[in-house]
Amino acid sequence: MFTWQPMCSFAEGAEHQRLRGAVTGAMAGLDHRGIRRHINRYSNRLLNDICEIGRADLVGQFAEHLPMMVMLHVLGMPEEYSERMVQAARDMIKGTETAIASNAYVMEALTRHVVRRRAQPEEDFTSALIAQPAQLTDDEVAAHLRLVLIAAYEATANLIANVLRMVLTDPRFRAQLSGGQMTVPEAVEQSLWDEPPFSAMVGYFAKQDTQLGGQQIKAGDGLLLGIQPGNVDPIVRPDLSANMQGNRSHLAFSGGPHECPGQDIGRAIADTGVDALLMRLPDVELAVDERELRWRSSILSRHLVELPVQFGKRPPQDVTARPMSHVPTPRKNWEVSSPMPQPFPQPAAPAAQPAAPAAPAPQDPAAAPVRRKGAWRRFLEWWRGY
Ligand code: HEM
């Protein structure tokens, strides 16, 4: 973790500006509304895999996969990598005995991708990074792809899991969401205050003797940036129960020259993913006692191991529909407290039969009643990007 690598998080001054400038330059060309559409599509695909079963682990089957699917798409890599990349990233973060082999797998896949894009650029983050005026070497491009992929995977998976856990275990939180007093992006922001996805950052060393917060620091001392403690500093947050709505001054994305440049993407994945899940599974509830939930902790983060839930079984949705042809269902069926599984329109096969084919049931657009969309609905579609 402390080993130097050719990437912006390990550089300072002019070299940091060169490397970070390449990353932010490549990010500037991303089509954010297009990415939101893909986040929504991937969310619904993951939900299709679980919706007929009525039970799921929202960490292993949703929160960990969504950021990886989105980031592979952003990097321009085939989706087939997703499953193996999630396993490798999980391994690397856990620091198991196979972590080195997993890291080698990730680096080999990314290096092959960089070589391909250098020879034949396409419209993706990787090609844009290669084309930046900073003229990164292949090693530098691959190291930044890994930084982006792993940072996005671990942090965004933690964020989604934390928000969902809060919705499932805190009736007041859920009531505020379902009652419209809190939006999903506000819930995400509250979670960034209370449970920042990275609880600390490592890898800082003092260049000279100095004083920080009344403490004597000596040149060469290793420093930890305590994100979680910073977020509950009584000077900035005297009342921990006070609502932080609209306040983004937390440290979850750090601050200063290294402040996370991917925060908009991280927020978009969490907002859109949580929104899609709650819209599709409004009766979702925890399937175990809250006290049975377990976390895996490292110096960097606290990662929920599993989030077992149950909900009324329902049929899959068509995720092959062209963007803009899907009108999101209004949330009139939000549940506030422990709900009974709702009767739901049954799939053609009886519920007791083995799971229906995973392929989404194609909708016949001609059969759907034609309704004129109101101005609000059209605005929502434009805003959400689908
Ligand atoms: C909820 C999601 C995310 C959180 C909480 C998060 C948080 C952070 C934090 C705390 C840092 C360290 C800053 C420091 O060293 O002081 C960081 C750095 C970074 N993050 Fe994120 N991140 C998230 C998502 C993303 C995504 C989606 C991307 C890419 C698309 C990304 C790219 C990066 C990069 C490139 C750096 C290094 C910046 C530098 O050293 O100049 N992050 N992030």
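**Helix packing and the ligand shell**

Trainee: Which residues in H2 meet which in H4?

Mentor: Ile35, His38, Ile39, Tyr42, Ser43 and Leu46 in H2 meet His65, Leu66, Met69, Val70, His73 and Val74 in H4. Contact here takes C-beta atoms, placed from the backbone, within 7 Å. By class, that patch has eight nonpolar, four polar and no charged residues. Bear in mind that this is a predicted model, where local features need pLDDT of at least 70 and side-chain atom pairs 80 or more, while totals for chains, interfaces and linings use all residues. Numbering runs from 1 along each chain as its sequence is written.

Trainee: Why are H2 and H4 called oblique?

Mentor: They pack at about 140 degrees, with axes 10 Å apart. Under 35 degrees counts as roughly parallel, over 145 as roughly antiparallel, 65 to 115 as roughly perpendicular, and the rest as oblique. The angle of about 140 degrees fits none of the three named ranges, so H2 and H4 are oblique to each other.

Trainee: And what makes H10 and H12 oblique?

Mentor: The same test: their angle is about 125 degrees, which falls in the leftover range, so H10 and H12 are oblique too. Val184, Pro185 and Val188 in H10 meet Arg267, Ala270, Asp271, Val274 and Asp275 in H12. That contact has five nonpolar, no polar and three charged residues.

Trainee: How many residues surround the ligand, and how do you know that they count?

Mentor: There are 25, each with its C-beta atom, placed from the backbone, within 6 Å of the ligand. H8 gives the most, with seven residues.

Note on methods: Helices (H or I, at least four residues) and strands (E, at least two) are DSSP runs, numbered from the N terminus. Axes are lines fitted to C-alpha atoms, for helices over the stretch in contact, and angles run from 0 to 180 degrees between N-to-C directions. Two residues are in contact if their C-beta atoms, placed from the backbone, lie within 7 Å. Ala, Val, Leu, Ile, Met, Phe, Trp, Tyr, Cys and Pro count as nonpolar, Asp, Glu, Lys and Arg as charged, and the others, Gly among them, as polar.
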